[in-house]
Amino acid sequence: MPTGPALLTDRYELTMVAAALADGTADRDCVFEVFARRLPHGRRYGVVAGTGRLLEALPHFRFGDDELAALRDQGLDDARLLDWLADFRFGGDVCGYAEGELFFPGSPVLTVRAPFAEGVLLETLVLSVLNHDSAIASAAARMVAAACERPCIEMGSRRTHEQAAVAAARAAHLVGFVSTSNLEAGRRYGVPTTGTSAHAFTLLHDDEKAAFAAQVDALGVGTTLLVDTYDVVQGIRNAVEVAGPQLGAIRLDSGDLPTLATAARRQLDELGATSTRVIVTSDLDEFAISGLMAAPVDGYGVGTSLVTGSGAPTAGMVYKLVERDGVPVAKRSEGKNSVGGRKTALRRHDSDGTATAEVVSSGPVEPREGDRPLVLDLVRAGEVVAPASPPEALAAAAAHHRRVREALPAEAWALSRGEPVLETVTA
């Protein structure tokens, strides 16, 4: 296993570096830009996530003896390339949108300025982090909006790659999920963790009441009891009998959730458990959460749909060379064109503070009242501008996201398919 992220890349990054070293173009001053040509079909906005993880990884993107040996084993034995990689340390500049910021088609989410060889080497790492995390955060933000202040819990670790599960928990917390089931996300990023028991624990015991009693003895009456292993009505009755009317919550994980939640609330109230919350799980997504708004539900646990981006598992971002030695360059391929030149961007707002447009330009833009610059310095000469611990970086990103969401127009929260809520204007 590699000790760092250097081998989490594509071979063609290295073959390009080898060729550029051979023909003398490796040191050309270049600007690479990360952007999405479009949002996933019908989405109104995207959320930038993963920037903090990328900045964590960048200082460790080095080629030590183990990495170089692995390259030789794979047939990459160009001596000039291997010598260059042995001394590699990214020394360029990176600027971009703050983590937690919203993005739209054409938004210059991240810009890398460096000699060609240094800049191109980062492409795969940058895209793998930003595309995954931004896809999860964008889906999770829709779920948080659909929940309308009711808490959402991330619980998708068993539905994705083990490291993707940690990143997904981080991205979900960034946009408002209150906790995760993933312990590594708690250790690494300070995301609150939560969890009680599965159906297996009930089935382990001779009867449901014995399972509930064991859980309450271990976790206290404030725990959440899973009441649908056998019969929900009897399960609720057993839960309250064991834990008393101060039982923290019950969880429903199957069946017609709106109907079951309504009946469960009525039964709990009749049993005197008026403060016991009703938590629902079972393949929820933003549409299912929205469909439960009229039901007496107090919280949602979301797994598969969250960690797979709710139908959009990538943010569709690309990493393109837009400037070489100060000269704009652009790709002209049909359907995959790019716009040359280093970009800047700002968010335009009306007099009420509501966002009205995303302004992107290769030149200076005359600012108007209410305009907010979006591009920040992140790395200068290879050094992170404002280093922070992983939990601190996540907390700052979450706070920024809360602020920028408040400026979106009301139509941003519609779950129906539509165009991006802000038009990208090229100045």
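These legends go with several close-up views of a predicted model.

Local features are described only at pLDDT of at least 70, and side-chain atom pairs count only at pLDDT 80 or more, while totals for chains, interfaces and linings use all residues. Residue numbers start from 1 along each chain as its sequence is written, and side-chain values use heavy atoms, with hydrogens and water left out.

**View 1. The two domains of the protein chain.** The chain splits into domain 1 (11-137 + 312-426) and domain 2 (196-297); the bounds come from an automatic or database domain assignment. Taken over C-alpha atoms, the domain centres are 44 Å apart.

**View 2. An open parallel sheet.** Here 6 strands line up in the order 7-6-11-10-9-8, with parallel pairing. Strand 7 (179-180) and strand 8 (224-226) sit at the edges with a single partner strand each, so one side of each has no neighbour in the sheet. Strands are DSSP runs of E with at least two residues, helices are runs of H or I with at least four, and both are numbered from the N terminus. Two strands count as paired if DSSP finds at least two bridges between them.

**View 3. Strand 9 and its surroundings.** Strand 8 pairs with strand 9 (residues 249-252) in the parallel sense over 3 bridges, and T224 stands opposite A249 in strand 9. Helix 12 (residues 257-270) lies across strand 9 and strand 10 (277-280), at about 155° to strand 9. Contact means heavy atoms within 4.5 Å; axes are lines fitted to C-alpha atoms, for helices over the stretch in contact, and angles run from 0 to 180 degrees between N-to-C directions.

**View 4. Strand 15 and its two partners.** Strand 15 (residues 355-361) is mostly covered, with 6 of its 7 residues buried, meaning under 20% relative accessible area with a 1.4 Å probe, protein chains only. Strand 14 (residues 344-349) pairs with strand 15 in the antiparallel sense over 6 bridges, and H349 has A355 as its bridge partner. The hairpin of these strands has 5 residues between them, and there G353 takes a positive phi near 85°. Strand 19 (residues 423-426) pairs with strand 15 in the parallel sense over 4 bridges; V360 has T426 as its bridge partner.

**View 5. Helix 6, an enclosed helix.** Of the 25 residues of helix 6, 23 are buried, so the rest of the structure largely encloses this helix. At 1.5 Å a residue, helix 6 (residues 123-147) should span 36 Å, and its end C-alpha atoms are indeed 36 Å apart; the expected span is 1.5 Å times one less than the number of residues. Just after helix 6, C148 takes a positive phi of about 50°.

Terms used:
Buried < 20%, exposed > 50% of the residue type's maximum accessible area, 1.4 Å probe, protein only.
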